[in-house]
Amino acid sequence: MTVESLRAFVAVADEGTFTDAALALGTSQAAVSRRVAALEDRLGVRLLQRGPRGATPTATGTRLLAHARRVLDELAALERVAADAGSETRVGFAWSALGRHTTTLQRRWVAEHPGRRLVLVQAGTPSAGLLEGLVDVAVVRREVADERLRAALVGVERRLACLPSDDPLARRRVLRLADFDGRTVAVDLRTGTTTRDLWPAGGGPATTREVHGVDEWLTAVAAGEALGLTSEATAAQFPRPGVVYRPVQDAPPVPVHLVWWHDDPPSHVAELVGLVRALYAAG
């Protein structure tokens, strides 16, 4: 069974004659006849009823026609995806892409790489969609220990506290890690950057509340159920009524990496790394 035989069968059913099907496919009538006959032999059924006025699907052919169309549609989709892969670079992120640099990166990329799109994909996995095959490059703010991957440090970001706007701490311009002592802190164990290791032994939050993703995290903070600690990129991309962000003076910065498969580097990855590094350096 071949793609050409399926296309010939569908073309004859659509056009009504082998002659018109050949014109639609840009081939000869004899080639269309051979392909349809080969498909009928392969399936062991008669698909088309030939007559003096053309050809029409048999009862069996009518039932199989819908399946043939779906197969051809899926093949066309496969070809479109393959074509897009050569004209775009997909960049995954779990929370906040590149913060305030995101839009600048997109605009600069379009200007410097006409005809090649930079597509940002939010994926709530530890690898930001890279290990799942969703993206070509991932923005990761956690340590990368997988030997199959290659990581490039592109910048660092301050850590900010995320507070309910009516919390007493929100009246202060700058916080310290000790200000979280005895409080509840919302953490995303899969993709977040906050762990108890940030605080010295004997200090830190009294409890943590596990959340899944930035929306759930922000909702918990806005409701006064927890405080948050995050990269400054989150504040740039997720301002929200009911919460405020404040710098945490003694919190270590957050490293930002671009990560890709070591044995299958995407095209233009060197240019992407260089551009992102330049944006962070300028900022």
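In which loop does Ala128 lie? This residue is found in the loop that runs between strand S4 (117–122) and S5, and that location is a convenient place to enter a structure which, as a reader should know from the outset, is a predicted model.

**The chain as a whole**

The chain holds eight helices and twelve strands. Its radius of gyration is 28 Å, well over the 19 Å that the globule rule gives for 283 residues, so the chain is more spread out than a compact globule. Taken along the principal axes, the box that its C-alpha atoms fill is roughly 90 × 40 × 35 Å. One pair of residues illustrates this extent, since the C-alpha atoms of Asp166 and Arg50, which are 116 residues apart along the chain, are separated by 80 Å. Asp166 has its place in the loop between strand S7 (159–164) and strand S8 (184–187), where it is exposed, with a relative accessible area of 66%.

Of the 283 residues, 44% count as buried, and the accessible surface of the chain comes to about 14,900 Å², with 52% of that area belonging to carbon and sulfur atoms. When contacts between residues at least 6 apart in sequence are considered, 71% of them join residues that are at least 24 apart. As for charge, the chain has 34 positive and 33 negative charges, and the mean positions of these two groups are 3 Å apart.

**The nonpolar cores**

The largest nonpolar core has 21 residues, and those with the most contacts inside it are Leu105, Leu258, Leu272 and Val276. Two or more residues of this core come from each of strand S3 (88–93), helix H5 (102–112), strand S5 (137–140), strand S6 (149–157), strand S12 (254–261) and helix H8 (269–282). The element that gives the most is H8, which supplies seven residues. Val276 shows how such contacts are arranged: not counting residues up to four places away in sequence, it touches Leu98, Leu105, Val154 and Leu258. Apart from this core there is a second, separate one of 19 residues, which includes Ala8, Val10, Ala13 and Leu65.

**Two residues with positive phi**

Most residues other than glycine have a negative phi. Ala128 has a phi near 55°, a positive value in a residue other than glycine, and this alanine is buried, with a relative accessible area of 1%. His268 likewise has a positive phi, near 70°, and lies in the loop between S12 and H8. With a relative accessible area of 32%, His268 is partly exposed, a value that falls between the limits of 20% for buried and 50% for exposed. Leaving aside neighbours within four places in sequence, His268 is in contact with Trp109, His113 and Arg116.

**Pairs across the sequence**

Several residues can be described through a partner elsewhere in the chain, and the table sets out their separations along the sequence and in space.

| Pair | Separation in sequence | C-alpha to C-alpha distance |
|---|---|---|
| Pro252 and Leu198 | 54 residues | 7.8 Å |
| His268 and Thr89 | 179 residues | 8.4 Å |
| Gln29 and Thr19 | ten residues | 5.4 Å |
| Asp166 and Arg50 | 116 residues | 80 Å |

Where is Pro252 found? It occupies the loop between strand S11 (243–247) and S12, and at 35% relative accessibility it counts as partly exposed. Once its neighbours within four places in sequence are left aside, Pro252 is in contact with Arg159 and Leu198, and Leu198 is also its partner in the table.

Gln29, by contrast with the loop residues above, lies in helix H3 (residues 29–43). Its relative accessibility is 43%, so Gln29 counts as partly exposed. Not counting residues up to four places away in sequence, Gln29 touches Phe18, Thr19 and Ala22, and of these Thr19 is the residue whose C-alpha atom is listed at 5.4 Å from that of Gln29.

Key
Residues numbered from 1 in each chain as written. Predicted model: local features only at pLDDT ≥ 70, side-chain atom pairs only at ≥ 80, totals over all residues. Heavy atoms only, no water. Helix = DSSP H or I, 4+ residues; strand = E, 2+ residues; numbered from the N terminus. Rg over C-alpha atoms; globule rule 2.2 N^0.38 Å. Buried < 20%, exposed > 50% of the residue type's maximum accessible area, 1.4 Å probe, protein only. Contact = heavy atoms within 4.5 Å. Areas by Shrake-Rupley, 256 points an atom, 1.4 Å probe, with all protein chains shown as cover. Lys, Arg positive; Asp, Glu negative; His and termini not counted. Charge placed at Lys NZ, Arg CZ, Asp CG, Glu CD. Core = buried A, V, L, I, M, F, W, Y, C linked by side-chain atoms within 4.5 Å.
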